[in-house]
Amino acid sequence: MIELPRQAKGDRPIYLGDKTTDNLLSMLLALAGEVVVLRERLDSVERIVSEDDSLKAKVDAYRPSPDVEKERDAWRAQFLDIVLRPLKQDYEDLESRSGAKGYDEAIEIVTAVD
Amino acid sequence: MATSTLNPGKQLEHGILAMPTSEEESRQLFVTSLKFHLATKVAPGNKLAYEQRALPAFVKERGSEPANRHEIRHLMDNDPYFRMWGAMQRTSQEMMWHSVQLSVERQNADIQNRGNTVAAPLGSLTLHPEMPVPAYVSAVDIHCMPGNYHGEYQPDDLANGAVYDRAVWLYVMGRMGPLNDDMGQSLSSYLQQHRPDFKPRRILDMGCGVGHSTLPYADKFPEAELHGIDVGAPMLRYAHARAESLGKRVHYSQQNAEKTDFPDGHFDLIVSHILVHETSHKAIRNIMKEAYRLLAPGGLLVHLETPPYGAMSEFDAFLLDWDTRNNNEPFWGGSHELDPVELAEISGFGADAAFEHLQPSAFEEAAQRRTQKFQAGDFGGGGAWYLWGAEKKA
């Protein structure tokens, strides 16, 4: 067994202001990936368990059919839509910027006496 | 084996591929889904962020628009949306390598064994361990692959070849076909379409890596003697094993394309696929001169890359240029501003021998998953490749 190096030679840029925030994002994405791994493993189990009881070997050997692959593709896309919702929010704000009303304006509207 | 007979949605399970377990495959395919999400749903917002807030603020302050992509970069480096996209793009790259490393490490002994015991080979493998690794390769680990093309971690190591083969399929989201060979297929299709009578006797693929783009020439020109050179020994060991398992005759050797040991006029066709952007200002000039020396009269040199910045808006060039500073591709920007005419002139071909061409992707099955854009983090999504080169006068 070997362990290949995990770090690529070359300085990593800072994206989000500081290293800590960058690390939080990297951890979040790694965690998201592991959720997908778990979900798909469970999916394999659900498809296999009804047939036979030799689960482990079957789960390890399971290869999704083209149809299952399509389902999984769609599921991963939906998962990303959910988890990465804050980015979509930013996108929508950029799209509708011209028509957006500030929050102070909303308070003024609802607290106006006349 | 013709790619048309393969499952277009799967990487071909050739004899040396690091086949993932179902769990490893989930981890890997998550990365491709993440990359596709970033390319299709997040990246387009960068333009909005620029047009809606960054640009108006700049114009208000300076009274004019940014003059070039460099000014746009300095401006957008402060935009929170662009920074978040960049952070995720970079992380997706790191996750990609990691997800493949885990799979390669688990089956390391088996891959090493299969890769180093090729029986009755059709082609050959020649290594030169004493050959120095050029500075443009050793300076940083290119596209953030830990250990790069030349890193070795055990005797006769081909681990990073195995990592590269699988990771490329994930990186391009399968859009270069089951054999990752769309670039070689597209370039060789160009030759067949535009030079139907061209029958090269010997072909050289410079910077061949694991041979993704090399093998199509074995099918398109079965009579030709086919050579691939690269500086990375793990790539070449893997390339050799991969070609043999697919029944293709290729002669791989460890050589620097700036100065090879082939005789003058040895080749009729010299090609490279995404080699140029991984070299340097000096090296590409040496490579052009070496290609001129190696070509027989009437021979042809063709490089394949993504289109030059001159053909796109400053903003699109800025977006495509992200790799230069964020994906360990230091010559990405410089290579996209090369002048084929100048390079043909200084290398002996002559200015009038230079040519450029935009060739559609040969792997049509991926059309629906392409964005038709040349943007960072979306390699293989453009639906076309930029070809440039020169013909040596007969």
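**Exercise 1.** In which sense do E1(B) and E4(B) pair, and over how many bridges?

*Solution.* This is a predicted model, in which local features need pLDDT of at least 70, side-chain atom pairs count only at pLDDT 80 or more, and totals for chains, interfaces and linings use all residues. Residues are numbered from 1 along each chain as its sequence is written, chains are lettered from A and ligands numbered from 1 in the order in which they are written, and side-chain values use heavy atoms, with hydrogens and water left out.

- Step 1. Fix the elements: helices (H or I, at least four residues) and strands (E, at least two) are DSSP runs, numbered from the N terminus.
- Step 2. Fix the test: two strands pair if DSSP finds at least two bridges between them.
- Step 3. Apply it: E1(B) and E4(B) are joined by three bridges, in the parallel sense.
- Step 4. Name a position: B:His251 in E4(B) has B:Ser124 opposite.

**Exercise 2.** Set out the strand order of the sheet in chain B and find its edges.

*Solution.*
- Step 1. The order is E1-E4-E3-E2-E5-E6-E8-E7 in chain B, an open sheet of eight strands with mixed pairing.
- Step 2. Strand E1 (124-126) and strand E7 (354-360) of chain B are the edges, as each pairs on one side only.
- Step 3. From one strand to the next, the twist averages 20°.
- Step 4. Go inward. E3(B) and E4(B) run parallel and share four bridges; here B:His227 stands opposite B:His251.
- Step 5. Continue to strand E2 (residues 202-206) of chain B, which is parallel to strand E3 (residues 225-230) of chain B and joined to it by five bridges. B:Arg202 has B:Glu225 as its bridge partner in E3(B).

**Exercise 3.** Which strands does helix H10 of chain B lie across, and at what angle does it run to E4(B)?

*Solution.*
- Step 1. Angles run from 0 to 180 degrees between N-to-C directions; axes are lines fitted to C-alpha atoms, for helices over the stretch in contact.
- Step 2. Helix H10 (residues 233-245) lies across E1, E3 and strand E4 (251-254) of chain B.
- Step 3. H10 of chain B runs at about 170° to E4(B).

**Exercise 4.** Describe the interface between chain A and chain B.

*Solution.*
- Step 1. Count contacts (heavy atoms within 4.5 Å): 46 residues of chain A touch 55 residues of chain B.
- Step 2. Take the buried area (accessible area, 1.4 Å probe, that two parts lose on being put together, summed over both). The value is about 4,500 Å², and carbon and sulfur atoms give 60% of that.
- Step 3. In chain A, the residues losing the most area to chain B are A:Leu4, A:Tyr15 and A:Leu94, together 16% of what that side buries.
- Step 4. Count salt bridges (a side-chain nitrogen of Lys or Arg within 4 Å of a carboxyl oxygen of Asp or Glu). Six link chain A and chain B.
- Step 5. Inspect one of them: A:Arg6 pairs with B:Glu105, with the closest N and O atoms 2.9 Å apart.
- Step 6. Assign helices. H1 (19-48), H2 (55-61), H3 (66-83) and H4 (85-95) of chain A each supply at least two residues of the side that touches chain B. H1(A) gives the largest share, eleven residues.

**Exercise 5.** Why does the pair A:Arg6 and B:Glu105 join two chains?

*Solution.*
- Step 1. Over all chains, the structure holds 34 salt bridges.
- Step 2. A:Arg6 lies in the segment before H1 of chain A and B:Glu105 in helix H4 (residues 80-106) of chain B, so this pair joins two chains.
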